[in-house]
Amino acid sequence: MAMIPADKTKDKFARIGALRPVRRRGDTESEAPRDASEFARLLGATAERNRYGEHLSIRRWYATPEPCLTKMDERARRALRLLLPNGGKESAAKRDMLLASDPAEWLFLDTETTGLAGGSGIYAFLVGLAWWDSGGLQVEQFFMRDFGEEHSLLLALDERMAKRRVLVTFNGKSFDWPLLETRFRMTRAIAPRVPAAHLDLLHPARQLWRPRLNSVRLAELERHVLCVSTGSRLDWTRENDVDSAMIPELYFSYVRGGAAEPLVPVFQHNQMDLRGLAALAGRIFEMIGGPQSNGDGTAEATSSATDHPLDLYGLSRLLDRRGEPALARKACSAALVAGLPIEHDRAARRDLARFAKRAGDLPGAVELWKSILGTVPGAPAKLNAVAPTQSRTLERILQRTAAGTAAPASDGGHLRAALEACEQLAIHFEHRARAFDRAAQFARQGLALLDRAKAGRRMDDVSAGATFCRKWQARFTRRLTRLECKALRASHLITHQSVDPVPNEL
Amino acid sequence: MSNSLAVRTSKDTLARVREIVEQLAARDASGEVITAVHHIPAREAAWAAMPEWVRPELRAAFAAKGIRQLYTHQAAAAEAVRAGRNIVVVTPTASGKTICYNVPVLNAVLENRDARALYLFPTKALAQDQLAELHDLAERMDNAFGVFTYDGDTPSDARRAIREKGHIVLTNPDMLHTGILPHHTKWQRLFENLRYIVLDELHTYRGVFGSHLCNVLRRLRRIANFYGSTPQFICCSATIANPGELAARLIESDVEVLDGNGAPAAEKVFVFYNPPVVNRHLGIRRSYINETSRMAQEFLKRSLQTIVFANSRLHTEVLLTYLQQAFPTSPGSPQNVRGYRGGYLPGERREIERGLREGRIRGVVSTNALELGIDIGSLDVAVMAGYPGTIASTWQRAGRAGRRSGSSCAVMVASSSPLDQYVVRNPDYFFGRSPEHAYIQPDNLEILVNHVKCAAFELPISKEEKIGSVDLPALCDRLAEAGYLHKTGDHWHWTQEAYPADAVSLRSVTSDNFVIVDITGTPEVIGEVDFSSALTTVHPKAIYLHQGEQYHVERMDFAERKAYVKRVDVDYYTDAIRYTQVRVLEIADQARLTAGGEAKGRDLHAARSHGDVLVRSQVVGFKKIKFFTHENIGAGQLELPENEMHTTACWTTLDRALVESLPYPISERQDGMRGLLYAMHSVATLLLMCDAHDLAVAIGERPPSPGVAPDGWEPAPDLEALKQGAPEKEFFEPNLYLYDNYPGGIGFSEPLFHAHGLLLRKTRELIAGCTCQKGCPSCIGPTGEHSEHIKEAALAILDCLGTSAEPN
């Protein structure tokens, strides 16, 4: 007899490609949520009940080595103004400011989820919250032992958010909060509560530390920013931290009836993320506003003495983008005085020249552009337009050029800075100083730089480099033609009128 | 003066067309070339008043566009929607179908500012075209409603506004599937207030695409219900035989069919042109491409604005070259004959569309890109190079010519494929009541399981829910066992990090595809083929045809599912030698066929059946076949893995007595069966509106009793035997299978079973009507040298099957 399958439906399913297993068979299955005792033993968890059911809650208080932001002084408030988005309406911005400037309203938030894809099938199974309390950090974590506990977890979260209305997150604007909004909407019962303000520290962190660190993941910041620069601030290390890519699978195993132990590192990971986040908030406020006043008047000591030069450069980028050019210029000067690696040195000089030009300090800008080109500085004779302290700083920066950064680097970043410097100097001498021969000299220098770059370029980066070079070549050539024409006319004293007006070059 | 392409109005279009047709007819003494000149008289509009309930601002906006009353079918549709019924409107092109849905939908939005509607179009281009129309209306009403397209091109910063402010969102099924449903929480406003769903071009949702769409709509209704809304459906379809059945299956609800048409039409002449036979023995005709070009030139010479449709990009370019050579413009001035196809830049396309509307461009050669929707005004003549594949799309292409007043002409130039030859020689098939049915099989498990995954991602599945006819709790348990879902209480939740919709394409059954990489220059992906056809089309050394270009397959990477190809220009194509065995697993229904064999007075029997089958196939080699002459110029052996597929089939069983009654040698009987099956396949694809690839054929020995097949399959015969095409041994009681060429089946087999009589009758018409003597690729397929009586044998079998009998 031919084999007749015992269960025909089963047989039909068996041949469906879309049913190919994605996990090993044999994991134990259990439907009912396990009691809290396992997590109570491992983590001190307790079951929290509300009208939607039950979930687990874990509370821990940490003494923090770093000062808590309990009250905001003027500097902190200034930092806050820079960190809050100013795109909204005036009145809304004011209200945000008022609320956010009370650190008692701050709620640090970080979630662990079943995936990063987004969409209504991704769950936040662990929601970690923290706030400053009694001179330390209070951490509270909500955990669902199964999908059925999500409602009560979300209600508890909503209650906490009602008490503290300012969210502080790391990448929460594009990840954690939209995901939680989706989870709230899925309940059809608890509307997502719009936070009064949301401080996402990812973007300021990127601006501050990208120059120094390649990665601005929180763990990297803890290691390189929170520990190193200010002595050992954190009393934990990530040595045994769980690989975050593993987290969803660890949860799925647990939900399908696996043991609780493998999840313990996930809770610890979340706790570290929250504590790191709180420490980072303090550090960012300190960087932007200067250190908090300790009440004994020692706060005036500038932070630049202890800051990494690249962090100062990062700070200047942040201040520049958030509309504080004067402060940005100061930070940029400090970074250059402290000494930057060559590729950032060029970029920082270019920035500083731009700040100087914008502030009306043209002689300063000219000297800086020259210094990018590796010109040994002549005595910066006419710096009288600048405040004395500023010119002293500038002198120190220009001295550094002589001290050994003159070697032309061949990398693209340097080339761009050098070409821009040539162009800016040519503009300056053409339109302001009206020294056409000097201007032409810089245009020619730009062309020479391009030739040298083309000769030294490797064959494999032709595609990107070719357009770049062609563009610059055309710009310099055009300028040079015009300058020669002008020079000719000037020498024949025919006219002083511009032959080919170039609007907006200044 | 250059060639006379200047607009002339001295003679009426129809008069000029008649002149051309008469010239042609004069040369066609046998009447074999012009097979039909079908005259469609002009028709008056049937008017109805704009319904009372239409709000004044909407009334005014339409009036400003010159629309003060409606055609009867538009009014009927608006009233039916107003009354809360699901409808499908069946109308020809250019009958104002958009008004059928825009009137009731816009009126509802004006009455209730919260109301929302979702319009689904099969392509992005169609949605764009509708957007322009709706924008125009919105502007006339002070932007009283918001209308947006939402597709892959929508910038991310605009998406939030669309979700909140879009009263009408225009999108396509693929975007709904991957972009909207999985993120439904962001669309809360829309789903909470979703009143109407418009499905335009409904007839395109058939076969695989339709089966997927049905499941996407199941998911859509599920999400709408979650937010407390039950949307109403408004569907529009071209003329097919079963619009109501298709709509009802797609939306799984009752649908009212509205097939009246109150739109006026100018008179029109439809000409079928079959290129003259060059070699009667081999059934070779003059090139239909050249004939199309000649025909188009005749029209252009007489100042008739003409659109030429080709079925491939390559043919578009070839025809364009011919026509531009025939009508050169002075250097520097723009061409007045232009090409149009996918791959042209959007700006260029808009310019061509405008040029056509304004009459500056006198001729255009297009792929099907201009078949649907896009507004190019109305031209004088449409010439089709080859049958477009379905009656519906032939009428849509023909509809590109035809102004409201004045007259127009459409010409179909047949190629030598069996489909074209059948249609051109049987004009009644085309001009009569449409026999084309659109079928779907949404409960195909391969398709359904993927959508159940997507559904679980979107919203946990409760144990009370129903999706199609599947045992949902059992399926969810299996998905849980496999690790996709987890059951908590009464619900199954999604337990994967990945996003299931991303891995599911609505255009194929399984996502197991081969990617085709062109390595002629910089490696570039040029296409995809699904697993089963990859074995026959992109095996090593195959000539792969893509958009009319030839590519040689250099290497096939089985593990990575990639085929590397290089562009070539050769005079042959390859035909994979595939060894196929079919085993019947379960017979769903069976019926005896009353045999005809009246001459012999013997009791000859045959049967038709449909049910589940297991198809095992292996590609063992390939033949190189020369173009045009079909000479076999070489062969090669291949070692490719075997492929097994469960699917559904409809088959005809020939009893022993019937086979023995055929007065031919064994080999000719067998070849006759193959020839018959070749022709049946062609006809079946016509009836089912499907691609040739969607349906496959095989001949097999009927096993002693169904379900109890021999334990092992027979080993594939050696290559030499297969190359000859002759079977090793004689079939005792053969089954002629037509099976759905997709795992799980796509819903063709049962309809074929029920339309078996029609299938046989039309097959007979195809073979008997072919002018060849002993069989040709236009009827029973290419034949070998020593097969004198194959065509006769095929016809004899049809006689025995009683093709004159009425269908059950």
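**A helix over a sheet in chain A, and a covered strand in chain B**

In chain A, helix 5 (residues 150-163) lies across five strands: strand 1, strand 2 (53-63), strand 3 (106-113), strand 4 (124-133) and strand 5 (136-143). Against strand 2 of chain A, helix 5 runs at about 45°. The model described here is a predicted one.

The strands just named belong to an open sheet of chain A, which has 7 strands in the order 1-2-5-4-3-6-7 and mixed pairing. Strand 1 (46-50) and strand 7 (197-200) of chain A sit at the edges; each has a single partner strand, so one side of each is left without a neighbour in the sheet. Going from one strand to the next, the twist averages 30°. At the strand 7 end, the pairing can be followed in some detail. Strand 6 (residues 166-169) of chain A runs parallel to strand 7 of chain A, and 4 bridges join the two. Within this pair, L167(A) has H198(A) of strand 7 as its bridge partner.

Now for chain B, starting with the chain as a whole. Its secondary structure comes to 25 helices and 32 strands. The C-alpha trace of chain B spans about 80 × 80 × 60 Å along its principal axes. A compact globule of 808 residues would have a radius of gyration near 28 Å, and chain B, with 28 Å, agrees with that. Of the 808 residues in chain B, 48% are buried. As for contacts in chain B between residues with a separation of 6 or more, 74% link residues that are 24 or more positions apart.

One element of chain B is worth a look of its own: strand 18 (residues 408-413). This strand is mostly covered, with 6 of its 6 residues buried. S408(B), A410(B) and M412(B) point one way from the strand, while C409(B), V411(B) and V413(B) point the other way, and the residues of both sets are buried.

Strand 18 of chain B also pairs with other strands. Strand 11 (residues 268-273) of chain B runs parallel to strand 18, and 6 bridges hold the pair together. Here K268(B) stands opposite S408(B), one of the residues that point the same way as A410(B) and M412(B). Strand 17 (residues 381-385) of chain B pairs with strand 18 as well, again in the parallel sense, over 5 bridges. In that pairing, V413(B) of strand 18 is the bridge partner of A385(B). V413(B) is itself buried, pointing the other way from S408(B).

Conventions. Residues numbered from 1 in each chain as written. Chains lettered and ligands numbered in written order. Predicted model: local features only at pLDDT ≥ 70, side-chain atom pairs only at ≥ 80, totals over all residues. Buried ≥ 20, exposed ≤ 12 C-beta atoms within 10 Å, placed from the backbone. Pairing = 2+ DSSP bridges. Axes fitted to C-alpha atoms, helices over the stretch in contact; angles between N-to-C directions. Contact = placed C-beta atoms within 7 Å. Rg over C-alpha atoms; globule rule 2.2 N^0.38 Å.
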